[in-house]
Amino acid sequence: MSQQFELPTNATEKSLLSIVVPVFNERVMLPLFIDRVIPTLEAMNIHWELVMVDDGSEDGSADYIKELIARTPGIRLVKLSRNFGKEAALTAGLENARGDAVIVMDVDLQDPPEHIPAMVECWRTGVDVVLMQRRSRSGETFLKRWSAHLFYRLLSRTSRTDIPVDTGDFRLMSRKAVNVLLQLEERNRYMKGLFAWIGLPTQVIQYDRDPRAAGDTKWDYPALVGLAIEGLTSFSISPLRWATIIGLVAASVGALFGLWIVIKAMTLGVATSGYPSLVAIISFLGGIQLLSIGIVGEYVGKAYMESKQRPLYVTEEVVESPQRLRRQNTSSQSGGTSC
């Protein structure tokens, strides 16, 4: 599945940095993103490329990127044939990135591009992963902040992989880390967990997440719940154990309740009104059974999808300018939080 790229011959005197950006219906955001990320990259003493993955956008995002490529060297468009989801788009971007270091970030500018120089400086100290950890989340509702806080800690406690809390996709990975990641060929991909699974020396930088600059988020609450379920079931079998424990507790409570009814009837001669209690017990046990079946079904469904061995995505086209890289001869500058 993965592709191995050699460092281009015209970039041997300096490192090559790849920025991987998944795009889905972000036509409004793209000019704002370009206006901030390119000046940041131009101020650095490094070769760079911008790998933008269009994940089946229907608002002209791909057409805008093509126009941008015609007048701006260093940008490549990987256009997928339809919407395959962000995890597949990230994988496509990583497989097409040629850099010695690869930064993954979103186009909504909630993760400020001005932190890129500090991330690169950390990487140059010898670490393989520079992890950006959110110190605050501006522009988000209390419910979203609270649910994200709870989810990350629940995932960290239940997973056998040490998944850092309060982190998203915004991070830098060395070529070594990217190559290891691309060896993982599973179809059900929870990228935040896969990023953590590879291990390797990691440096954490804390930052303040900004509000979305324009447009609307594509992640509504049902989508976020689905992503949370994907994360929990991809990196832990704890939900199966929870179902077993709940079943044992429910069976024990039912047995004790039945014993209590028999003892009360034999010793006190009290007749038990059966209909309300019977309905309540059946409803309770039925709910537990459906919940347990749903949890088991989630794991069975994952195994079923993996058995199909379908490709993660289909590439419609790859567009890039003849001058694939941007050369910079300015002195290196650092920004944001230091390593």
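## Around A97: helices, strands and cores

A97 sits in the loop that links α3 (86–96) to β4 (101–104). The model is a predicted one. With a relative accessibility of 0%, A97 counts as buried. Its C-alpha lies 8.6 Å from that of L50, although the two residues are 47 apart in sequence.

**The chain overall.** The protein chain holds ten helices and eight strands. It has 339 residues, and 46% of them count as buried. Its accessible surface comes to about 16600 Å². Carbon and sulfur atoms account for 59% of that surface. Sequence-distant contacts are frequent: among contacts between residues at least 6 apart in sequence, 85% join residues at least 24 apart.

**On either side of the loop.** What comes before A97 is helix α3. Eleven of the eleven residues of α3 are buried, so this helix is largely enclosed by the rest of the structure. Charged and polar names appear in that buried set, including K86, E87, T91, E95 and N96. Nonpolar ones are there too, among them A88, L90 and L94.

After the loop comes β4. Which way do A101, V102, I103 and V104 point from β4? A101 and I103 point one way, while V102 and V104 point the other way. In a regular strand, side chains alternate between the two faces of the sheet. All four of these β4 residues are buried.

Strand β4 pairs with β1 (residues 16–23) and with β6. The two pairings are set out below.

| Pairing | Bridges | Direction | Residue opposite A101 |
|---|---|---|---|
| β1 with β4 | four | parallel | L17 |
| β4 with β6 | four | antiparallel | S174 |

**Cores.** In soluble globular proteins, nonpolar side chains tend to be buried together. Here the largest nonpolar core has 40 residues. Those with the most contacts inside it are L17, F33, L50, M52 and I116. Helix α1 (residues 30–42) gives the most to this core, with six residues. A second, separate core has 27 residues, and V51, L94, M173 and M191 are included in it.

L50 deserves its own entry. Beyond its neighbours within four places in sequence, L50 is in contact with I19, V21, F33, I34, V37, G74, I75 and R76.

**Helix α4.** How many of the nine residues of helix α4 (residues 116–124) are buried? Seven are, so α4 is largely enclosed by the rest of the structure. The buried set is I116, P117, A118, M119, V120, C122 and W123. Just after the helix, G126 takes a positive phi of about 115 degrees.

**Rings.** A pair of aromatic rings is described by the distance of the centres and the angle of the planes. The count of aromatic pairs comes to one. F170 and Y207 form it, edge-to-face, at 5.6 Å centre to centre and with 80 degrees between the planes. F170 belongs to strand β6 (residues 167–174) and Y207 to strand β7 (residues 202–209), so the pair ties together parts that are 37 residues apart in sequence. Both F170 and Y207 are buried.

One charge lies over a ring elsewhere: R82 is over the face of F84, at 3.9 Å from the ring centre.

Conventions:
Residues are numbered from 1 along each chain as its sequence is written. This is a predicted model: local features need pLDDT of at least 70, side-chain atom pairs count only at pLDDT 80 or more; totals for chains, interfaces and linings use all residues. Side-chain values use heavy atoms; hydrogens and water are left out. Helices (H or I, at least four residues) and strands (E, at least two) are DSSP runs, numbered from the N terminus. Buried means under 20% relative accessible area, exposed over 50%, partly exposed in between (1.4 Å probe, protein chains only). A nonpolar core is a set of buried Ala, Val, Leu, Ile, Met, Phe, Trp, Tyr and Cys residues joined through side-chain atoms within 4.5 Å. Contact means heavy atoms within 4.5 Å. Accessible areas come from the Shrake-Rupley method with a 1.4 Å probe; for residues, only the protein chains shown count as cover. Rings of Phe, Tyr and Trp (its six-membered ring) pair if their centres lie within 6.5 Å; planes under 30 degrees apart count as stacked, over 60 as edge-to-face and the rest as tilted. A charge sits over a ring if NZ of Lys or CZ of Arg is within 6 Å of the ring centre and within 35 degrees of the ring normal. Two strands pair if DSSP finds at least two bridges between them.
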